[in-house]
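Here are my notes on the model you sent over. I've kept them as numbered points so you can reply to each in turn.

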Amino acid sequence: AVGRNHHGQLGIMGDTNSRAVPVQMGSSDNVMGQRISAGYAHTIVLSTDGSVMATGCNHQGQLGDGTNEHRSALTTVFQNATEVKAGFDFTYFLAKDNAAWATGNNLGGQLGDNTKVSKSSPVKILDGVSAFAAGHAHGLFLMINGSVRGTGANFVGQLGVGDTENRASPVTTQATDAYRVV
């Protein structure tokens, strides 16, 4: 990891000094990561065993550890995941059973739980998800059936539903053609 580390988002075992040269992230468990995703000031790591570790800023609960405390070392926050995505200050997890979970800032409805209340622990939002993307304050979900659903901020129409109203729960986009993720 490299760069700004003011909230410990580089995951260097308790160190919050910024780095101009890459350094290895660490954990007491020596877990091997297979995917990594970075938000504004938090980092999410998916390990090869499906556990998810998080570090960095947690003011909105985006780490998903049940607190709002910043972490400067990787902390396990979720199990049995196949994918992770960090938004600006929220996080999505995809479980092995194809359920999408979310945690963190929910001001725009980006957690998709039909509220605008931020969460510090993951909440289940959708079943039947095959892939997803996290934007600044919105998320898009490719469903197993090929449809695309979106939730959260929509001030420029980024959810693809034909208007600019924010959504606090996932809605199906107005896509008319079948899409295939390669």
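1. Among contacts in the chain between residues at least 6 apart in sequence, what percentage join residues at least 24 apart? The figure comes out at 39%. Keep in mind throughout that we're looking at a predicted model.

2. On secondary structure, there's not a helix to be found: the count is 0 helices and 12 strands. Written out along the sequence, that gives β-β-β-β-β-β-β-β-β-β-β-β.

3. Overall dimensions next. A compact globule of 182 residues would have a radius of gyration near 16 Å, and the chain has 16 Å, so the two agree. If you prefer a box, the C-alpha atoms fill one of roughly 50 × 30 × 30 Å along the principal axes.

4. As for burial and surface, 47% of the 182 residues are buried. The accessible surface of the chain is about 8,700 Å², and carbon and sulfur atoms account for 50% of that.

5. Charges: the chain carries 12 positive and 13 negative ones, and the mean positions of the two sets sit 3 Å apart.

6. Now the aromatics, which I'd look at with the side chains switched on. Searching the whole structure turns up 7 aromatic pairs. Take F78 and F93: their ring centres are 4.6 Å apart and the planes meet at 10 degrees, which is under the 30 degrees cut-off, so this pair counts as stacked. The pair also ties together distant parts of the chain, with F78 in strand 4 (residues 71–78) and F93 in strand 6 (residues 90–95), 15 residues apart.

7. Are those two partners buried or exposed? F78 has 11% relative accessibility and therefore counts as buried, the limit being under 20%. F93 is at 0%, so F93 counts as buried too.

8. There's a ring cluster to check as well: F90, Y92, F132 and F141 are linked into it by ring pairs.

9. Last one, T43. This residue lies in strand 2 (residues 42–47), and its relative accessible area is 7%, so T43 is buried. Which residues does T43 contact, once its neighbours within four places in sequence are left aside? The list runs to Q9, M25, I36, S37, A38, M53, A54 and T55. If you have the model open, centre the view on T43 and pick out those contacts, M25 and M53 among them.

Definitions and conventions:
Residues numbered from 1 in each chain as written. Predicted model: local features only at pLDDT ≥ 70, side-chain atom pairs only at ≥ 80, totals over all residues. Heavy atoms only, no water. Phe/Tyr/Trp six-rings, centres within 6.5 Å; stacked < 30°, edge-to-face > 60°. Helix = DSSP H or I, 4+ residues; strand = E, 2+ residues; numbered from the N terminus. Buried < 20%, exposed > 50% of the residue type's maximum accessible area, 1.4 Å probe, protein only. Rg over C-alpha atoms; globule rule 2.2 N^0.38 Å. Contact = heavy atoms within 4.5 Å. Areas by Shrake-Rupley, 256 points an atom, 1.4 Å probe, with all protein chains shown as cover. Lys, Arg positive; Asp, Glu negative; His and termini not counted. Charge placed at Lys NZ, Arg CZ, Asp CG, Glu CD.
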